[in-house]
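This report goes through the enclosed space, the nonpolar cores and some backbone features of one protein chain. The sequence and the structure come first.

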Amino acid sequence: MNSKDVLILGIESSCDETAASVVRNGREILSDIIASQADFHGQYGGVVPELASRMHVDAIYPCIDSALKEANVTLDDIDAVAVTYGPGLVGALLVGLSAAKGLCASTGKPLVGVNHLLGHICANYLCFPELEPEFLCLCVSGGNTQIIRVKSYTDLQILGRTRDDAAGEAIDKIARVIGLGYPGGPKMDKAGQDGDIHAYVFPSTHMGDTLDFSFSGIKTGALNLINQTRQKGEDIRIDDFAASYQHHIAKILCEHTLKAAEQTGIKEICLAGGVSANSFLRKQMDDIASSHGLKLYYPKLRLCTDNAAMIASAGYFEYINGRRDELSLNAAPSLKLGR
Ligand code: KG4
């Protein structure tokens, strides 16, 4: 270990993954531990917040211990503890935040609060050593859909955002209605692999000249289509429906991202967040990038969904930018990103 190396312990507990990770210099993962509750919540059709908090309590210290052990370091070697403090479920956030504060109080190490969405963007730095701002990022997760101009590692300008539902929510909800269960996104992705992307038609929402999104009308259109088909005594062809619906959502995401690239003249695009794992989105973005001379990046699958390595990476860039938080830092369930 070089004496100039900066080691960050990252902690994440904003939804249904308890995670801890050690990252060197914001770019190199030394350990990446994730305890997922997804199978457990699956039986209820979605995350049950109170149960999520309790499961985080059980998992948080074993995850931190494993992350330190796997990285072959002790707390003494760590420069700062970075933790997600929002957005997310308040009870879930508080578990990771309390653990991080406890470690900082007992060791004197600095505490760095991290916005979970910045973490998603930083997953790209962990996969692409050459990637540096400035670039555009399409950040699509269960709770957010945004086009972000990443001006520097910590200076972010929001160019477009959803006015209602997030893309992930629109996919998860319809996945549940057509009987695919939870977590809907990956199941919908798999179900649509051999489907016809033109079999079903969904409404589009036009947001004028802005780069904003709206997915609630599309979700309602899909619900109406399902109900009308069932009322006629016909079955929904799951593979075709899943393929058409995801293709439609991906097309809107891609069109807006391309428009942002044309407006700003920025030619490097990153995808981030859970929905960036979606194969329909990746394929369409690949096609658009090659036909418009754009350079496209997306994190490897494990780093698209919630993990603590991305939090440690974001924590590193915040830390070297001078951010230090008081031990009074509170959870911020509706924390916004950028300006
Ligand atoms: O980023 P993430 O793990 O958590 C949030 O911060 O929200 O994203 C979770 C979202 C869920 O909506 C999940 O269904 C979606 O990402 N997701 C996918 C895929 N994998 C995860 N959506 C579509 N296709 C996938 N392959």
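## Cavity, cores, pocket and backbone

The lining of the largest cavity consists, by class, of six nonpolar residues, two polar residues and no charged residues. The model described here is predicted.

**The cavity.** A search of the whole structure finds one cavity of 30 Å³ or more. The space in the largest cavity comes to about 40 Å³. Its lining is made up of I171, Q246, I249, A250, L253, V275, N278 and L281. Helix α8, residues 238-264, gives the most to this lining, with four residues.

**The largest nonpolar core.** This core has 46 residues, and those that touch the most other members are M188, F215, F241, Y245, L253 and L281. Two or more residues each come from β6 (135-140), α5 (167-177), α7 (216-231), α8, β9 (268-272) and α9 (279-292). The most come from α8, which gives twelve residues to the core. Thus α8 is the main contributor to the core, and α8 also gives the most to the lining of the largest cavity.

L281 appears both in the cavity lining and among the core residues that touch the most other members. Neighbours within four places in sequence aside, L281 is in contact with L138, V140, A250, L253, C254, L271, V275 and S276. Apart from this core lies another core, of 35 residues, among them V112, Y125, L126 and A314.

**I174 in helix α5.** Which residues does I174 contact, leaving aside its neighbours within four places in sequence? They are M188, K219, A222, L223, I226, F241 and Y245. I174 is located in helix α5. With a relative accessible area of 0%, I174 falls under the 20% limit and therefore counts as buried. Eleven residues along the chain separate I174 from G185, and their C-alpha atoms are 9.5 Å apart. Of the residues that I174 contacts, M188, F241 and Y245 are listed among the core residues that touch the most other members.

**The second largest pocket.** The volume of the second largest pocket is about 200 Å³. It is lined by 14 residues, and the closest to its centre are T205, H206, I252, E255 and H256. Helix α8 supplies the largest share of this lining as well, with six residues. By class, the pocket lining has three nonpolar, eight polar and three charged residues, whereas the lining of the largest cavity has no charged residues.

**D5 and N25.** D5 is in the segment before β1 (7-12). Is D5 buried or exposed? The relative accessible area of D5 is 17%, and D5 is buried because this value is under 20%. Its side chain and that of N25 are joined by a polar contact of 3.0 Å. Not counting residues up to four places away in sequence, D5 touches R24, N25 and D79.

N25 is found in the loop between β2 (17-24) and β3 (28-36). At 26% relative accessibility, N25 is over the limit for buried residues but not over the 50% needed for exposed ones, so N25 counts as partly exposed.

**Positive phi and cis peptide bonds.** N25 has a positive phi although it is not a glycine. N72 also has a positive phi in a residue other than glycine. N72 lies in the loop between α2 (49-71) and β4. Its relative accessibility is 70%, which is over 50%, and N72 therefore counts as exposed.

The backbone angles of these residues and of the two cis peptide bonds are given below.

| Residue or bond | Feature | Angle |
|---|---|---|
| N25 | positive phi | about 55° |
| N72 | positive phi | near 60° |
| G86 to P87 | cis peptide bond, omega | near -10° |
| P133 to E134 | cis peptide bond, omega | near 15° |

P87, at the end of the cis bond from G86, is in the loop between β4 (80-86) and α3 (90-107). E134, which follows P133 across the other cis bond, is found in the loop between α4 (116-127) and β6.

Notes
Residues are numbered from 1 along each chain as its sequence is written. This is a predicted model: local features need pLDDT of at least 70, side-chain atom pairs count only at pLDDT 80 or more; totals for chains, interfaces and linings use all residues. Side-chain values use heavy atoms; hydrogens and water are left out. On a 1 Å grid over the protein atoms alone, a cavity is a set of points where a 1.4 Å probe fits but cannot get out, and a pocket is an open set with protein on both sides within 12 Å along at least five of seven lines; lining residues have an atom within 4 Å of a point. Grid points are joined across faces, edges and corners, and a volume is the space filled by probe spheres set on the points. Ala, Val, Leu, Ile, Met, Phe, Trp, Tyr, Cys and Pro count as nonpolar, Asp, Glu, Lys and Arg as charged, and the others, Gly among them, as polar. Buried means under 20% relative accessible area, exposed over 50%, partly exposed in between (1.4 Å probe, protein chains only). A polar contact is a pair of N or O atoms within 3.5 Å; within protein, one must be able to donate a hydrogen and the other to accept it, and residues adjacent in sequence count only if both atoms are side-chain atoms. Contact means heavy atoms within 4.5 Å. A nonpolar core is a set of buried Ala, Val, Leu, Ile, Met, Phe, Trp, Tyr and Cys residues joined through side-chain atoms within 4.5 Å.
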